[in-house]
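Welcome! Here is a short briefing on the aromatic rings of one protein model. Take a look at the structure first, and then we will go through it together.

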Amino acid sequence: MNIELRKLTLEDYADLKESMLQAYDSMGGSIWPKSSIAKLLNIFPEGQLCIAVDDKVVACSLAIIVNYDEYGDRHTYKLITGDYSFTTHDPNGDTLYGIEIFVHPDFRGLRLGRRLYEARKELCESLNLKSIIAGGRIPGYHQYAEQLSPRQYIDKVKAKEIYDPTLTFQISNDFHVRKVLKNYLPGDKESKEYATLIEWNNIYYQGIDASARSAMTIRLGLVQWEMRLFPNMEAFYEQVEFFVDALSGYKSDFVMFPELFNTPLLQPYNHLPEIEAMRKLAEKTEEIVQKMHEYSLSYNTNIITGSMPLIEDGKLYNATYLCHRTGKIDEYRKIHITPNEQKYYGMIGGDKVQVFDTDCGKVGILICYDVEFPELSRIYAEQGMQILFVPFLTDTQNGYTRVRHCAQARAIENECYVAIAGCVGNLPKVNNMDIQFAQSAVFTPSDFAFPTNAIKAEATPNTEMVLVVDVDLHLLEELHHYGTVKVMKDRRRDLYQVKLLK
């Protein structure tokens with residue numbers, strides 16, 4: 001006989017189904033459909049364990065991770081599993097919740113259940129989770145229901161005066177009964193629909209301490225750039241490096257420049273039609289990005305380069321770059337092109353929507369007009385975005401107001417921080433770039449942990465300056481789980497959805 005404990009796979013389903021039918025024959029042979037097993041394997045593969053005897057699966061344990069305080073000690077099986085959809089699984093939760101464990105009746109003398117429990121404990125420790133919790137059946141209770149209350153029955157099982165095939169086994173594996181649950185699993189006639197809330201505590205659990213929380217504080221440096229003419233590229237780079245140097249001196253994790261902040265360099269081409277001048281400026285983009293890349297490494301900060309024109313295959317895009325201080329460079333192309341950009345420059349929109357992993361969490365970038373389309377940031381939020389960066393360029397207060405209020409809405413509806421940075425001042429001798437209006441800012445969700453006006457900080461309007469702002473990612477995590485409202489969780493996924501088409 002060969003006994004193997006391993007991770008479950010979808011190819012095991014035929015064996016799994018047969019074992020489930022046998023194990024739960026007394027409950028009408030209720031089993032998990034293949035689609036449910038597939039979903040569990042997709043969201044939490046390491047939590048689904050099985051034991052194969054001579055290559056046939058005869059025992060299994062299934063689990064998810066939850067943030068237990070969201071559900072408390074009065075939950076039902078239906079609630080904790082998200083109506084059996086497992087949407088309650090949270091990779092950042094603190095508790096391993098056991099949703100299933102069974103052994104084929106023909107193999108119950110081999111202590112396979114003990115092996116599964118030990119494997120669960122090892123998993124709990126390796127993932128640094130606080131505890132294992134589960135709702136346990138008490139299948140022997142129906143024999144004593146007329147004489148004993150559930151609590152009295154449990155006490156007698158603890159005292160070994162009564163043997164219960166499930167509870168006795170759980171107690172012998174170091175689980176303790178935390179509470180009696182009523183109506184936990186409808187249809188469980190043997191348990192009279194009662195269950196024990198059992199718990200095993202991980203003594204090696206390391207909670208979040210002050211130093212860990214401080215590591216989740218990210219410093220943003222925003223450049224409110226004044227448009228000015230430069231005699232040459234060296235003068236332009238000198239001004240760029242000045243701001244990177246200054247913000248690096250304040251230990252900023254990110255430095256962001258505004259949209260099309262390099263358009264003062266259009267001045268030598270002012271005699272050309274706007275569309276040709278912008279294409280001439282695009283010839284400098286590769287060089288500027290390389291300089292920014294060098295600054296990100298030498299000043300140890302991540303730089304959102306502001307946007308610049310980019311030519312590829314003869315097409316003109318509005319692109320920005322994320323120069324990581326680790327040396328990586330990511331690119332984002334403005335998706336939504338304004339009528340002005342189309343008319344004067346012949347720009348077209350990009351078609352790639354993605355969140356970027358950084359050493360300070362997951363970030364998204366939208367360029368100006370893009371932030372006025374809520375679908376993009378919602379897709380980012382689905383991908384785990386914590387900070388949204390929006391370099392922008394607006395000529396009037398009307399345009400700025402649109403960007404500002406849409407950015408504030410994105411912070412609230414996606415439970416994230418939104419940072420916006422724009423250009424200020426006037427730019428004579430450059431066609432179509434004559435006036436600018438901006439007030440750079442960092443916006444927050446709106447709840448008790450954040451400012452009452454949901455504005456973390458904002459610059460002085462129309463004045464060249466930098467804005468240095470600390471944002472706490474831990475507060476976003478708390479908001480997601482314990483907020484007064486939970487926008488991301490309370491969406492009616494059964495009624496509508498937002499998704500990428502390509």
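Is Phe243 buried or exposed? With a relative accessible area of 3%, Phe243 is buried, because buried means under 20%. Please keep in mind that this model is predicted. The count of aromatic pairs comes to 25, and the points below introduce some of the residues involved.

**A pair between distant parts of the chain**
- The ring centres of Tyr141 and Tyr194 lie 6.0 Å apart with their planes at 85°, so this pair is edge-to-face.
- The two residues are 53 residues apart and link distant parts of the chain.
- Tyr141 sits in the loop between strand 5 (131–137) and helix 5 (150–158), while Tyr194 belongs to strand 7 (residues 194–201).
- Tyr141 has a relative accessibility of 4% and therefore counts as buried.
- Tyr194, at 22% relative accessibility, counts as partly exposed.

**A pair of phenylalanines and an aromatic cluster**
- Phe242 and Phe243 also make an edge-to-face pair, because their planes stand at 65° and over 60 counts as edge-to-face.
- The ring centres of Phe242 and Phe243 are 5.1 Å apart.
- Both residues belong to one aromatic cluster, together with Trp225, Phe230, Phe236, Tyr237, Phe257 and Phe261.

**Charges over rings**
- Tyr237, one of the cluster members, has the charged end of Lys291 over its ring, 5.4 Å from the centre.
- Arg333 lies over the face of Tyr317, at 4.5 Å from the ring centre.

How values were computed. Residues numbered from 1 in each chain as written. Predicted model: local features only at pLDDT ≥ 70, side-chain atom pairs only at ≥ 80, totals over all residues. Heavy atoms only, no water. Phe/Tyr/Trp six-rings, centres within 6.5 Å; stacked < 30°, edge-to-face > 60°. Helix = DSSP H or I, 4+ residues; strand = E, 2+ residues; numbered from the N terminus. Buried < 20%, exposed > 50% of the residue type's maximum accessible area, 1.4 Å probe, protein only. Lys NZ or Arg CZ within 6 Å of the ring centre and 35° of its normal.
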